[in-house]
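Reader: I am new to this structure, and before anything else I should like a close look at chain B, followed by the way it meets its partner. Please take me through it slowly, in one connected account.

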Amino acid sequence: MEKYESVDFYNIDQHFTEEEIMVRDLVRSWVEEEIMPHIEDYNSKGIFPREIISEMGEMGLFGCYLDEHGCAGFSHTAYGLICQELERADSALRSCLSIQGSLSMLPISLFGDKNQKEKYLPKMRQGKLVGCFGLTEPDHGSDPTNMATKAIETEDSFVLNGTKMWITNGTIADLAIIWGKLEGKIRGFIIEKGDKGFSAPEMKGKHSFKASITSELVLQDCKIPKDRILPNVEGMRGPLTCLSQARFGIVWGSLGAAMCCYDASVKYAKSRIMFGKPIGSFQLVQNKLAWMLREITKGQLLAYHLGRAKDKGEETSEMITLGKMNNVDMAMQIARMARDIHGANGILNEYPVMRHMANLESVSLQGTYDIHNLILGRWITGIQAFK
Amino acid sequence: MNIVVLVKMVPDTESRLEIVDGKVNESGFKYMVNPYDEFAVEQAVQFKEANGGKVTILSLFSNDGSIDTDLRKMMAIGADEAIVLRQDNYRGDKPSANATVLSNAIKEMEADLIIGGVQGIDYYQSATGPMIAHMLGIPHISGVTNLELNDGKFTAKRQVEGGLQIIECSNPLLVTCQKDMTKVRFPALKDIMMSKRKPFESRTVEPVESNDVETAECSLPPARGGGMIIEGESSEDKVDKLIEKLKTEAKVI
């Protein structure tokens, strides 16, 4: 198989630091050697081997932008580049990084107390403990504020009841960050595997994100000690801060998926002979490739500037919203276009395009295209349209 | 244990190869660490981790700074420092000249072990390593598939036709590594950060005279001719025609 070629039409590489380039290249070569030869197999079997998490932990990818408990303290831009390289292989990998780092370690780091940080963060960084994040519920997706999960405080414990859905890594997780209402206010709780009344059955039958483990989290009179509440946050700010960070990763991850589809399309267009010449000779195919290059380049500039804004602490959640909406949308269109260029071959697992195409349908959730538009609409007009 | 690792920067395998007037056009080349040399870096770092000591990357190249990041990756794997000898008009196909410059630098380094890849994937000459050993007056073992160090003594294994050769040697010595001698690790992000703080020295060196052979002319393999589909009434008929063509046209049977 020909070597993967990423896109850098506008020489954006010149703006990355040497460490950022080294990190990106490290993850790219790891993906190339350890993941690409097996990813179609994982996808068709619907598995995500636990060793992948260990290897990612050994490299120090989890929570790499945090600066405590042994985390590397890298830039957000470096984190973005890691997401890009992981998602170039499969969205399942980027999702695993997001869930462990941004949705499990980050809330403990930002909102947890000293004991919680010491207990969980070092092992999570190393991939020895796997975390997951429970916000979405079967009846509350885009409106998490109306969640039904409730916690009651007793003398020596909290008792939780509720169901969470679409939880990446839930079934294999050692701990779950659960958002639920305590006396009407949204609070974060740490549930550990083995807590009585807690179960995490895997959701089966997905046509997308097949190499990722997706689960339900069920809490039935789940009783946990009092020191498992995240003490330093109340309300939607908690989960939204984490989601914003995860969406930032998707801004970059979707670029990786798009670049993989573009790369496959260019190679296919140059080698597939039809009517006696490569299909890349035809204007309609060239038009598609040019559009892909254009959109990827725009998406890269957007991701780069967003990354640097985040490195300076100058980003807003609306900026992330725009980036996530744009880059996922362009990646979805590029994946579909790539399938088209590949003709019937595009549906085969010999090529990565249909896998990415299907995955991106899931990536487009976690803040849908429409919801992101409404967030921007609110920012523009000052009027909230989704209440 | 003081280990010097010879690292050659070679054209990236994705670089476009173009011949102009019988010469390779190198203007658009990107460079990468010679893959065989990566095995040497990993092996050196493993020795250091087990026995202590220092691992120095030594590379001879032009003044092109685009290679620095790739060399720094070798320090992320665990090498302690890098010395790059910068030479005007450096060429990768002059093993004698390059061995002279490299061995002069090594003389001052008090190396116990000098280790590199068995060959560069640019010109595949397999010459620089043994030449350096000769110039330093130390033994060398080339194309090693496994290298162990016990009580200051090296045991090297080499694949030879139909068998395995085992060589024992004390230091100083020079070893060149065969493919897959050891699995090169993926460094951790922390190591990448640390690599920025490790010494990275560029030294200017003068070109030297040598009796290296000169390349007269380069050419690309001839383009493949078009295929041919043999028509025929039946399979037998087609096979007959194929045999005829193999005899009379291809002249291979």
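**A close look at chain B**

Author: Of the 253 residues in chain B, 34% are buried (20 or more other C-beta atoms within 10 Å of the residue's own, with 12 or fewer counting as exposed, values in between as partly exposed, and C-beta atoms placed from the backbone). The model is predicted, with local features needing a pLDDT of at least 70, side-chain atom pairs counting only at pLDDT 80 or more, and totals for chains, interfaces and linings using all residues. Residues are numbered from 1 along each chain as its sequence is written, while chains are lettered from A and ligands numbered from 1 in the order of writing.

Chain B has an average pLDDT (the predictor's confidence in each residue, from 0 to 100) of 94, and 100% of its residues score at least 70. For the complex, the predictor gives an ipTM of 0.85 together with a pTM of 0.90.

In outline, chain B holds 6 helices and 13 strands (DSSP runs of H or I over at least four residues, and of E over at least two, numbered from the N terminus). Along the principal axes, its C-alpha atoms fill a box of roughly 75 × 45 × 40 Å. The domain assignment (automatic or from a database) divides chain B into domain 1, residues 2-204, and domain 2, residues 225-253. Taken over C-alpha atoms, the centres of these two domains of chain B are separated by 50 Å. If one takes the contacts in chain B (C-beta atoms, placed from the backbone, within 7 Å) that have a separation of 6 or more, then 75% of them join residues 24 or more positions apart.

One element of chain B deserves a closer view, namely helix H2, residues 68-77: 7 of its 10 residues are buried, so this helix is largely enclosed by the rest of the structure. The buried residues of H2(B) are Leu71(B), Arg72(B), Lys73(B), Met74(B), Met75(B), Ala76(B) and Ile77(B). Just after H2(B) comes Gly78(B), which takes a positive phi of about 145 degrees.

From here the account turns to the partner chain. Where the two chains meet, chain B contributes 13 residues to the contact and chain A contributes 15. On the chain A side, helix H1 (18-35) and helix H3 (50-59) each supply at least two of the residues that touch chain B, and H1(A) gives the most, with 7 residues.

Cys64(A) can be followed individually: leaving aside its neighbours within four places in sequence, it is in contact with Leu189(B) in the other chain as well as with Cys71(A), Ala72(A), Phe74(A), Ala78(A), Tyr79(A) and Ile82(A).

Chain A itself is assigned domain 1 (12-125), domain 2 (131-228) and domain 3 (237-381). Its domains 1 and 2 have C-alpha centres that lie 23 Å apart, and 23 residues of domain 1 of chain A are in contact with 16 residues of domain 2 of chain A. On the domain 1 side of that meeting, helices H2 (39-45), H5 (91-111) and H6 (114-125) of chain A are the elements that give two or more residues. H5(A) gives the most to this side, with 11 residues.
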